[in-house]
Amino acid sequence: MRLLRLNDDSEFSLVEFVGKNIPGYAILSHTWGADHEEVTFKDLVDGTGKSKAGYKKIRFCGTQAASDGLQFFWVDTCCINKSSSAELSEAINSMYSWYQQAKICYAYLNDVPSTKMFSRSYLFDDNEYKAWKECFLNSKWWSRGWTLQELIAPREVQFYSKHWGDLGTRHKHRYLIANHTGINEDILDKGYIGKASVAQRMCWASKRKTTRVEDMAYCLMGIFELNMPLLYGEGDKAFIRLQEEIIKASDDHSIFAWTSEVASQSAFRGLLAKSPSEFQNCRNITAVYAGLGEPYSLTNRGLRVTLPVL
């Protein structure tokens with residue numbers, strides 16, 4: 001794992017750590033701008049990133065981490081050498097645990113303006129709070145696939161506005177976030193998702209989007225505690241493959257609780273959902289298990305499952 005360090009001369013350096021001897025670090029969660037705006041691994045190596053808009057995010061992250069007593073921090077745009085497919089695959093498979101192990105996560109909502117309404121000391125009236133809430137929850141940060149794990153996994157999440165104004169913590173806004181995302185308040189507080197059903201976890205992602213089709217499956221691997229190879233180019237098959245991996249690891253029948261988005265039900269299709277959006281009505285579906293010693297499985301001829309007769 002590579003971490004960034006803010007040096008005495010206010011420049012950044014990359015430091016690589018192997019194994020479990022990783023120091024405490026802060027981590028950044030954000031939505032990407034255009035490719036030419038973000039500082040890449042190559043930019044840091046070549047020293048060509050200072051003129052890019054994304055450099056300000058790195059600068060803030062380093063400064064805030066130092067303020068929080070942390071020497072190291074991690075930013076996805078430049079701590080991963082994406083020109084190496086092997087390194088990219090390893091990073092995506094490790095992403096959830098990296099956010100989980102961070103001391104604090106800075107969530108940068110670059111489309112939320114900084115006004116006096118966001119000040120810690122400012123008291124809202126009802127109309128101002130309604131306006132604040134709408135602005136906060138309309139940020140595109142809430143609609144991206146990758147930010148789901150970045151919301152849940154870290155032990156602490158601190159939100160910031162466009163000009164780095166303090167927007168409060170995940171804990172402070174847990175009730176608001178729970179209503180908006182469907183994620184239980186207890187999960188937001190403690191980060192333990194073990195009791196959430198497969199259908200509920202899919203529901204959390206049902207209204208989120210990713211730029212690449214395959215990433216809609218890959219961004220959920222940590223949510224389901226799974227690892228699998230990345231095969232960019234497989235398209236929608238990535239989500240089918242994710243569900244097959246879930247079935248191998250879990251007996252939870254709620255994976256079949258999805259509802260087709262196609263108006264006509266006459267067309268034949270398989271037992272698995274085509275995307276998380278087909279789980280959008282599954283917020284309250286709890287885990288359902290066979291309760292028998294014999295597990296179910298997918299075979300080349302379909303689903304093999306033993307169910308009790310009532």
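In this predicted model, G182 adopts a positive phi of about 85 degrees just after helix 7. Helix 7 spans residues 174-181, and its buried residues are L176, I177, A178 and T181. These buried residues pack against five elements that are spread along the chain: helix 5 (126-137), helix 6, strand 6 (157-160), helix 8 (185-190) and helix 9 (198-204).

The largest nonpolar core comprises 89 residues, of which W74, F159, L220 and L242 touch the most other members. Helix 4 supplies the largest share of this core, with 7 residues. In soluble globular proteins, nonpolar side chains tend to be buried together. With residues up to four places away in sequence left out of the count, L242 is in contact with M202, A217, L220, M221, L226 and M228. L220, itself among the core residues that touch the most other members, is thus also one of the contacts of L242.

A further buried position is found in the loop between helix 11 (237-249) and strand 8 (297-299), where F279 is located. The relative accessible area of F279 is 0%, and the cut-off for a buried residue is under 20%; F279 is therefore classed as buried. Apart from residues up to four places away in sequence, F279 touches A199, M202, C203, S206, F239, Q243, S254, I255, W258 and A273. M202 is one of the residues contacted by F279, and M202 is likewise listed among the contacts of L242. Between F279 and F136, the separation is 143 residues in sequence and 25 Å in space, taken from C-alpha to C-alpha.

An unreviewed UniProt entry carries the annotation "domain: DUF8212" for residues 237-262. In the model, this span is 50% helix and 0% strand, and its end C-alpha atoms lie 18 Å apart. Helix 11 covers residues 237-249, and the annotated span begins at residue 237. Among the contacts of F279 are F239, Q243, S254, I255 and W258.

The largest pocket encloses about 610 Å³ of space. Its lining is formed by 23 residues, and those closest to the pocket centre are W32, D76, W146, T211 and D215. Two or more lining residues are given by each of helix 4 (85-101) and helix 6 (146-152). By residue class, the lining consists of 8 nonpolar, 7 polar and 8 charged residues. Helix 4 thus appears both in the lining of the largest pocket and in the largest nonpolar core, while helix 6 contributes to the lining and is also packed against by the buried residues of helix 7.

Notes. Residues are numbered from 1 along each chain as its sequence is written. This is a predicted model: local features need pLDDT of at least 70, side-chain atom pairs count only at pLDDT 80 or more; totals for chains, interfaces and linings use all residues. Side-chain values use heavy atoms; hydrogens and water are left out. UniProt positions are given in the numbering used here, feature names are shortened, and annotations may be inferred rather than shown by experiment. Helices (H or I, at least four residues) and strands (E, at least two) are DSSP runs, numbered from the N terminus. On a 1 Å grid over the protein atoms alone, a cavity is a set of points where a 1.4 Å probe fits but cannot get out, and a pocket is an open set with protein on both sides within 12 Å along at least five of seven lines; lining residues have an atom within 4 Å of a point. Grid points are joined across faces, edges and corners, and a volume is the space filled by probe spheres set on the points. Ala, Val, Leu, Ile, Met, Phe, Trp, Tyr, Cys and Pro count as nonpolar, Asp, Glu, Lys and Arg as charged, and the others, Gly among them, as polar. Buried means under 20% relative accessible area, exposed over 50%, partly exposed in between (1.4 Å probe, protein chains only). Contact means heavy atoms within 4.5 Å. A nonpolar core is a set of buried Ala, Val, Leu, Ile, Met, Phe, Trp, Tyr and Cys residues joined through side-chain atoms within 4.5 Å.
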